Amino acid sequence: ARLVENAGGQSHIYPLVTDTLVDTVKALKSAFTECDAVITSGGVSVGEHDYVKEAFEEIGGNLDFWKVRMKPGKPFVFGRLDDRFLYGLPGNPVSAFVTFLVLVRPGLLKMSGAINTQLPEHPAVLAASLVNQGNRRHFMRVFVDAKGQAHPVGMQASHAVSPLAKANGLIDVPPETTLEESATVMVLRWVL
């Protein structure tokens, strides 16, 4: 809700939904009658109880895409229902946070008429190497200190919330890339 408000939107928090198709359909119908954009968290992957995509199509929505080549946040969903939008975030907290910043925030800002929708960024010097051995962009969490050094904040896994709480920036590390210690990199920042 706070991220939505920081992007210029008005938030409305709905109750948690049980993992059934019927309840997910009911919740999405309700949300889409009241909101220009609906943001869900969880239920968008390939699990036995992931019903957001199916429920959205059942209420008449069209999925524009599912899955993105980024880490964290691969099981992201975007779709349209008439002139309203579905942003389906992954359930892991770090994945939800990062996909919101990178994919949802620009959309919400654009809806409100903003011209510049990108996260603020600035250069920083890496205090330690960052390694992305995977085949997806990896938005790694860092803490930028007062001297302009970017320090990795520990475990970069999508479920690890405590390192995210220590972070104040993201570095977009391309696939199969090592950013060496002392390299100057661009850091994406957010304000809460």
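**Exercise 1. State the area that the protein exposes and the share supplied by carbon and sulfur atoms.**

Solution. The protein exposes about 10500 Å², an area obtained by the Shrake-Rupley method with a 1.4 Å probe. Carbon and sulfur atoms supply 52% of that area. The model is predicted, so that local features need pLDDT of at least 70 and side-chain atom pairs count only at pLDDT 80 or more, while totals for chains, interfaces and linings use all residues. Residues are numbered from 1 along each chain as its sequence is written, and side-chain values use heavy atoms, with hydrogens and water left out.

**Exercise 2. Determine whether the radius of gyration agrees or disagrees with that of a compact globule.**

Solution. Step one is the expected value: for 192 residues, a compact globule would have a radius of gyration near 16 Å. The rule is 2.2 Å times the number of residues to the power 0.38, with the radius taken over C-alpha atoms. Step two is the comparison: the protein has 17 Å, which agrees. Along the principal axes, the C-alpha atoms fill a box of roughly 50 × 35 × 25 Å.

**Exercise 3. Describe the largest nonpolar core and name the element that gives the most to it.**

Solution. A nonpolar core is a set of buried Ala, Val, Leu, Ile, Met, Phe, Trp, Tyr and Cys residues joined through side-chain atoms within 4.5 Å; buried means under 20% relative accessible area (1.4 Å probe, protein chains only). The largest such core has 28 residues, and Tyr87 and Leu108 have the most contacts inside it. Two or more residues come from each of helix 1 (2-6), strand 5 (84-89) and helix 4 (93-111); helices (H or I, at least four residues) and strands (E, at least two) are DSSP runs, numbered from the N terminus. Helix 4 gives the most, with nine residues. A second, separate core of 14 residues includes Phe32, Cys35, Phe56 and Leu86.

**Exercise 4. Locate Cys35 and identify the residues that it touches beyond four places in sequence.**

Solution. Cys35 is found in the loop between helix 2 and strand 1 (37-41). Its relative accessible area is 15%, so Cys35 is buried. Leaving aside residues up to four places away in sequence, Cys35 touches Tyr14 and Arg84, where contact means heavy atoms within 4.5 Å. Cys35 and Arg84 are 49 residues apart in sequence, and their C-alpha atoms are 7.6 Å apart in space.

Methods
Buried means under 20% relative accessible area, exposed over 50%, partly exposed in between (1.4 Å probe, protein chains only).
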